[in-house]
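This report describes the fold and then a handful of individual residues, going from single contacts to the overall picture and back again. The sequence and the structure come first.

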Amino acid sequence: MEIENVKMALDMLSSSECFGILIPEVRSNLVMARENPRGMEDVVAVPGRITEFRGRAFACREPEFGASSHMARFIIALNRHFPWKRSALNIKFDESIIDICGDHGMVVSSYDRSREPPEVREVEGGTIPWGVEEAIRNSESPPDVIYHRGAWGKEPMIVLTGGDAVEVAEAALRIAEDYEKLLGR
């Protein structure tokens with residue numbers, strides 16, 4: 001069920017003429033976890049991530065379980081607090097995109113990577129769960145959007161969250177359309 005949902009969402013994103021403008025330098029990944037995920041093997045993602053080619057989103061391979069570590073850690077950490085949030089998609093950071101998310105009524109939260117404790121930074125894979133926990137603490141409601149402004153060697157990033165991959169893709173497409181208009185394209 002998770003693989004099929006991510007496939008449908010990927011079809012939506014790759015069919016869009018404007019989603020490509022949201023893909024960050026590190027590329028995007030779309031994930032969906034099983035209920036009660038414990039590890040990467042419980043999370044569907046796109047091997048090789050989603051890239052942009054001639055303005056359009058392009059998935060290098062079919063989604064599969066265990067294909068992401070970063071975004072898998074993200075959704076597992078979020079899902080521990082909000083079990084109905086099983087999917088996430090990372091997109092590029094731009095203050096205008098944050099504003100668009102707010103205009104759409106999405107709950108937006110953030111964390112500051114520069115405040116990451118050294119003991120977290122030293123643990124492989126510790127940064128993302130720490131950031132999710134910080135964003136949850138900084139929000140009065142379950143966040144639909146979590147972002148950070150980057151740090152030395154780390155690209156700023158926005159992550160959209162939702163119940164399933166199709167829901168997240170729909171939100172991303174609405175954001176991309178508004179962002180494209182804002183850029184005057």
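## Gly48 and the neighbouring loops

Once the residues up to four places away in sequence are set aside, Gly48 has contacts with Arg27 and Cys60. The model described here is a predicted one, and every value below was computed from its coordinates. Gly48 belongs to the loop that joins S2 and S3, where its relative accessibility of 41% makes it partly exposed. Its C-alpha atom is 9.6 Å from that of Glu62, a residue 14 positions away along the chain.

Arg27, one of the two contacts just named, sits in the loop between H1 and S1. Its phi is positive, at about 75°, although Arg27 is not a glycine, and with a relative accessibility of 32% it counts as partly exposed. Arg49 likewise has a positive phi, of about 70°, without being a glycine. This residue is placed in the loop between strand S2 (43-45) and strand S3 (50-53), and its relative accessible area of 29% puts it in the partly exposed class.

## The protein as a whole

The protein is built from six helices and nine strands. Its radius of gyration is 15 Å, close to the 16 Å that the globule rule gives for 185 residues, so the protein is as compact as a globular protein of that length. Taken along the principal axes, the box filled by the C-alpha atoms has dimensions of roughly 45 × 35 × 30 Å.

Of the 185 residues, 48% count as buried. Among contacts with a separation of 6 or more, 69% are made by residues 24 or more positions apart. The protein exposes about 9,300 Å², and carbon and sulfur atoms supply 47% of that area. As for charge, there are 22 positive and 31 negative side chains, and the centres of these two sets lie 3 Å apart.

## The nonpolar cores

Which residues have the most contacts inside the largest nonpolar core? They are Phe19, Leu22, Leu30, Leu89 and Leu160, in a core that has 36 residues. The elements that give two or more residues to this core are helix H1 (2-15), strand S1 (30-33), strand S6 (87-92), helix H3 (95-103), strand S8 (145-148), strand S9 (157-162) and helix H6 (165-183). Of these, H6 gives the most, with 10 residues. Apart from this core lies another, of 23 residues, which includes Met71, Val120, Val132 and Ala135.

Leu89 has a long list of partners beyond four places in sequence, including Leu13, Phe19, Leu30, Ile50, Met71, Ile158, Val159, Leu160, Val168 and Ala172.

Phe19 is found in the loop between H1 and S1. Is Phe19 buried or exposed? With a relative accessible area of 0%, Phe19 is buried, because residues under 20% are counted in that class. Beyond its neighbours within four places in sequence, it is in contact with Leu13, Ser28, Ala57, Leu89, Ile91, Ala172, Leu173 and Ala176.

Val159 is part of strand S9 and is buried, with a relative accessible area of 7%. Leaving aside neighbours within four places, Val159 is in contact with Met71, Phe74, Ala88, Leu89, Asn90, Asp144, Val145 and Ile146. Met71 thus appears among the contacts of Val159, and it is also one of the named members of the 23-residue core.

## Spacing along the chain and in space

Ser69 can be added to the residues discussed so far: it lies in the loop between strand S5 (64-65) and helix H2 (70-81), and at 27% relative accessibility it counts as partly exposed. The table sets out C-alpha separations for four pairs, together with their separations in sequence.

| Pair | Apart in sequence | C-alpha to C-alpha |
|---|---|---|
| Gly48 and Glu62 | 14 residues | 9.6 Å |
| Val159 and Ser110 | 49 residues | 9.9 Å |
| Phe19 and Val6 | 13 residues | 16 Å |
| Ser69 and His148 | 79 residues | 18 Å |

Conventions. Residues numbered from 1 in each chain as written. Predicted model: local features only at pLDDT ≥ 70, side-chain atom pairs only at ≥ 80, totals over all residues. Heavy atoms only, no water. Helix = DSSP H or I, 4+ residues; strand = E, 2+ residues; numbered from the N terminus. Rg over C-alpha atoms; globule rule 2.2 N^0.38 Å. Buried < 20%, exposed > 50% of the residue type's maximum accessible area, 1.4 Å probe, protein only. Contact = heavy atoms within 4.5 Å. Areas by Shrake-Rupley, 256 points an atom, 1.4 Å probe, with all protein chains shown as cover. Lys, Arg positive; Asp, Glu negative; His and termini not counted. Charge placed at Lys NZ, Arg CZ, Asp CG, Glu CD. Core = buried A, V, L, I, M, F, W, Y, C linked by side-chain atoms within 4.5 Å.
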